[in-house]
Each structure stands twice: as structure tokens, then as C-alpha cells.
Amino acid sequence: MPTFFVQPAQPTALSDRYEVELPGYELWATMIENVHILVGSLDLKEFSAALSRTLQLWPHTAGRLTDDGGKYKIYLTNDGVPVECEERLHESTSSVVPDSHVIQSDLSGLLNSPRQRGALDFKVPLLKLKIVSFRDETTLGISWNHTLGDATAFFRFTHAFSQFYQGLHLDYPLPTFEKPIFPKPLETTIEELRPLMYYFHELYSEEELRKKYSERLHTPERVNWSFERQELETLCNSLRQRSPSAASRLSIHDSLSAYIVTVINRILPSQIRKIKVTDSYRFSGASFAFPDVAGNAVIDVLTTLPEDPTDITGIATSIRESLTHYRQHEVISTWMSTVSHLMLAAAKAGKSFYYPPSTEIMPVNSMATIDWCSAHFGQPESHRHHMSGHGLLYLRVFGANPWRGDDGSWHAPEGGIDISIGVPQGCRKKVLDILAQGLDSIKTDG
């Protein structure tokens with residue numbers, strides 16, 4: 001398949017520098033991979049020009065990872081970013097992406113191969129793209145190395161790319177590249193937090209990690225479901241009335257997570273006892289939180305749930321209380337110093353941490369506040385955004401995509417929420433049956 005390369009326009013935003021240093025907390029050894037679906041075809045000349053301008057503002061995306069004596073950096077090499085092209089003109093996109101749900105089974109054919117999944121790789125580009133032309137639509141796959149930044153940073157890059165492609169100005173501030181350095185943690189602090197950071201208990205080589213991810217994908221069955229915004233707001237308001245201590249703070253996200261826990265706990269013989277929420281401190285206002293940084297600004301919030309596994313009010317309240325605690329600036333700083341220390345130690349050992357699946361812990365990763373569909377490359381009504389991947393009890397939350405009716409017309413998601421979660425074999429139908437009963441089917445007076 002033909003591939004062309006796009007280099008950053010000059011001078012770049014970092015033309016006075018030759019490297020971007022990566023503290024330990026930036027050393028995520030994974031990729032974030034998105035696929036965008038557009039009606040018709042892309043203008044490759046405009047595409048290349050827009051990508052070049054975007055790379056100019058995010059020049060680290062055109063660099064290379066390096067290990068400088070145990071200090072990890074991105075050298076600003078201004079290498080060309082590869083764009084792979086493929087034609088499948090006798091096929092429809094529906095042969096790969098059958099519906100509008102954000103999470104799909106397998107998008108690997110729409111992404112620039114080979115896929116990177118494992119230890120930090122110093123040989124491959126940090127950003128890779130792939131364009132696939134189908135009979136009536138075009139897909140744009142973007143593979144983003146997690147060391148470049150978290151989902152918010154990735155979104156802003158993609159949104160700027162979309163704006164430049166349309167000949168429009170940027171909606172978000174320019175990225176910054178100064179990274180906060182957290183102090184080295186005390187050994188007592190590490191030992192105190194280590195039980196909460198269960199994903200650091202065992203480290204894996206690249207080969208071992210690849211095997212773990214493969215097993216994780218094939219063991220559970222995936223459940224996709226969509227909620228209307230109004231029904232989630234109704235649930236949230238109902239729980240607020242029953243949780244005076246957190247009445248003004250319970251969010252839709254708290255309520256949705258608690259609801260899914262109660263659904264799963266009505267089916268599984270072993271109960272979910274903890275929830276791990278990936279939370280952003282990017283906009284926390286802390287001295288070390290830089291809102292526009294092209295980097296990672298996330299922590300993991302672990303919540304121990306009430307004894308009653310179906311007490312939706314108690315579960316939602318517990319989630320909110322944990323988030324409130326972990327969002328204290330001192331708590332974030334202590335957590336991040338420990339995480340950064342452990343991630344750096346893992347990288348130096350040539351290994352990676354891994355979130356092991358468990359029937360007692362439900363990991364939650366929500367991108368519902370990120371408006372991926374606004375990076376629409378000039379197609380606000382029909383553009384769809386997709387990702388793949390699921391794990392046992394791994395709850396993923398997104399803003400819903402537009403969908404096409406039987407008459408061919410497009411319908412706006414109007415604030416709808418998509419979820420995806422992996423459940424044990426044989427449980428998928430039971431979960432779908434409960435979800436089909438609606439949010440009113442669960443008692444809120446636990």
C-alpha cells in the first residue's frame with residue numbers, strides 16, 4: 001500500500017529547542033487509536049497542507065523517542081509523519097463499521113500498521129495515519145503514541161487538524177510543552193500507595209504485554225448501549241434527592257457508573273467491590289496543572305463500594321466522595337510523584353505496567369466531555385468517530401455519534417451517551433435484557 005510522508009511546516013513552535021523531556025508519568029507504553037468516517041473523499045492536497053500546519057504547532061508528534069541514559073525524551077527530528085493509503089472501492093464502510101456505536105470490534109485494518117502495543121519503541125513514528133477509500137465514504141485512522149499526551153491533547157491536535165483542513169481558525173489555545181516535575185516520593189509514601197496502584201504489582205515485557213492484551217480482548221463479550229441525555233439527567237436528579245451529603249455534587253457520570261455497577265452485580269455471582277475512574281486534573285487549577293499542555297494529566301481514582309452491591313445511591317455517593325478527595329491539589333501531587341517514580345522504574349527495566357482484569361474492580365474511562373465529533377473535517381452532520389478495544393468490566397463512555405435513518409437522512413446525537421463494557425462469557429444477553437428495561441427498572445432508594 002502506498003505511503004507518503006508529511007513534515008511540519010517551518011519554523012515550528014519549538015524551533016528554539018531540540019528535545020522535549022518526558023517525566024516518568026508520560027511514559028505510557030500504548031497508543032490511542034481513532035478512526036473518523038467521512039462521506040465522500042478527502043482532498044489530499046488540502047489534507048497534507050493542514051497536517052503540515054498542525055505538526056508545526058505540535059512538533060513533538062514528528063519526533064522520536066530516545067533514552068538518554070535513563071532520561072526519556074522526544075527528540076524534535078521533524079521527521080515526516082507517515083500517511084498510508086488504501087483503496088477498497090468495491091466495499092462499503094459498513095463492512096468494517098456496521099453501526100454508529102463509538103466502540104467497534106476490530107478497526108486494525110483502518111489503522112497504519114503495524115500496531116504498537118507494548119514497551120516503549122524508539123524506532124517507530126509517534127504519530128501514524130491511514131486513509132482508506134471505500135465506495136461511498138473515506139476513513140481516516142490516527143494512531144497517537146500516549147507519550148505525546150492524553151486524550152484531551154490528542155483531541156485538540158485532531159481538532160486543529162480538522163480546522164486547518166477547512167481553512168478555519170483554531171478554537172482552542174495553542175499547546176504548551178513545559179511539563180511539571182513532581183518531587184521524588186518517600187519510600188513510606190510509595191508503600192502506602194502501592195496497594196492502591198495494583199497495576200504496578202507485576203510488570204511485563206513487550207511480548208508478555210502483547211499476549212495479555214490479546215487475551216483481554218478475546219475473553220469477555222462486548223456490550224454496547226446508548227442512553228439519551230434526558231434519561232441520565234432524570235436518574236442523576238433522582239439520586240441527588242436521595243443523597244443529601246452529595247446532593248449538589250453528584251454528576252451524570254457518577255450516576256451512570258453506579259447504575260452499570262448495579263446492573264452487573266445483579267448478574268455476576270461475585271460482586272464488583274471497587275471502581276477505578278481515570279480522572280483528569282488538567283483543569284484543576286493546581287500550580288502543576290497546565291490546561292493546554294501537550295502531555296498527560298490523569299490520575300486513577302479508586303473507590304471502595306458500599307456493602308450493598310445494588311445500592312445505586314450509595315455507590316454514586318461513594319464515587320463522588322472519592323473524586324472530591326483525589327482532586328485535592330496535595331493529593332494529586334503525592335499520587336503523581338509516586339506514579340511518575342514507578343513508571344520511570346518500569347521503563348528503565350524495559351517493562352510496562354498492565355491493568356489486570358478482575359470481576360471485583362470496574363475500571364471506568366470516560367471521554368464523554370470530549371466532543372470528538374466536532375473534529376469533523378467539514379462534515380458536522382455525518383462525521384462519525386470510532387475506537388476499538390474492550391476488557392472485562394472495562395466501562396468506556398463517549399458522546400454518541402450521528403446516525404443515519406432508513407430514509408438516508410442524518411440524525412444528531414443531541415447529547416446522547418454511548419457506553420461499552422466487556423462482560424463474562426454467557427452474560428451479554430442478561431445485561432442487554434436489563435438495560436432494555438430502562439433506568440426506571442432499578443431501585444434508587446437503596
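**Figure 1. Cavities of the predicted model.** A search of the whole structure, which is a predicted model, finds 5 cavities of 30 Å³ or more. The close-up views that follow take up two of these cavities, then a pocket and a pair of helices.

**Figure 2. Lining of the largest cavity, which holds about 140 Å³ of space.** Of the 16 residues that line the largest cavity, Trp28, Val298, Asp300, Val339 and Met343 are the closest to its centre. Strand E12 (298–304) and helix H8 each supply at least two residues of this lining, and H8 gives the most, with 4 residues. Sorted by class, the lining of the largest cavity divides into 13 nonpolar, 2 polar and 1 charged residues.

**Figure 3. Lining of the second largest cavity, in which about 60 Å³ of space lies.** The residues that line the second largest cavity include the aromatic-named positions Tyr25, Tyr281, Phe288 and Phe290, and Glu26, Lys179, Pro180, Ala289, Val293, Gly295, Asn296 and Ala297 also line this cavity. By class, the lining of the second largest cavity has 8 nonpolar, 2 polar and 2 charged residues.

**Figure 4. The second largest pocket, with about 470 Å³ of space.** Among the 19 residues that line the second largest pocket, those closest to its centre are Leu22, Pro23, Gly24, Ser340 and Leu344. Two or more residues of the lining come from each of strand E2 (19–22), strand E5 (71–75) and helix H8 (329–348). Helix H8 gives the most to the lining of the second largest pocket, with 6 residues, and H8 likewise gives the most to the lining of the largest cavity, with 4 residues. By class, the lining of the second largest pocket has 9 nonpolar, 5 polar and 5 charged residues.

**Figure 5. The crossing of helices H5 and H7.** The axes of helix H5 (residues 229–242) and helix H7 (residues 312–326) come within 10 Å and cross at roughly 90°. Angles of 65 to 115 degrees count as roughly perpendicular, and H5 and H7 are therefore roughly perpendicular to each other. On the side of H5 the contact is made by Leu235, Leu239 and Arg242, and on the side of H7 by Ile312, Thr313 and Ala316. By class, the contact of H5 with H7 has 4 nonpolar, 1 polar and 1 charged residues.

Definitions and conventions:
Residues numbered from 1 in each chain as written. Predicted model: local features only at pLDDT ≥ 70, side-chain atom pairs only at ≥ 80, totals over all residues. Heavy atoms only, no water. 1 Å grid on protein atoms, 1.4 Å probe; cavity = no way out; pocket = protein on both sides within 12 Å on 5 of 7 lines; lining within 4 Å. Points joined across faces, edges and corners; volume = space filled by probe spheres on them. Nonpolar A, V, L, I, M, F, W, Y, C, P; charged D, E, K, R; others polar. Axes fitted to C-alpha atoms, helices over the stretch in contact; angles between N-to-C directions. Parallel < 35°, antiparallel > 145°, perpendicular 65-115°, else oblique. Contact = heavy atoms within 4.5 Å.
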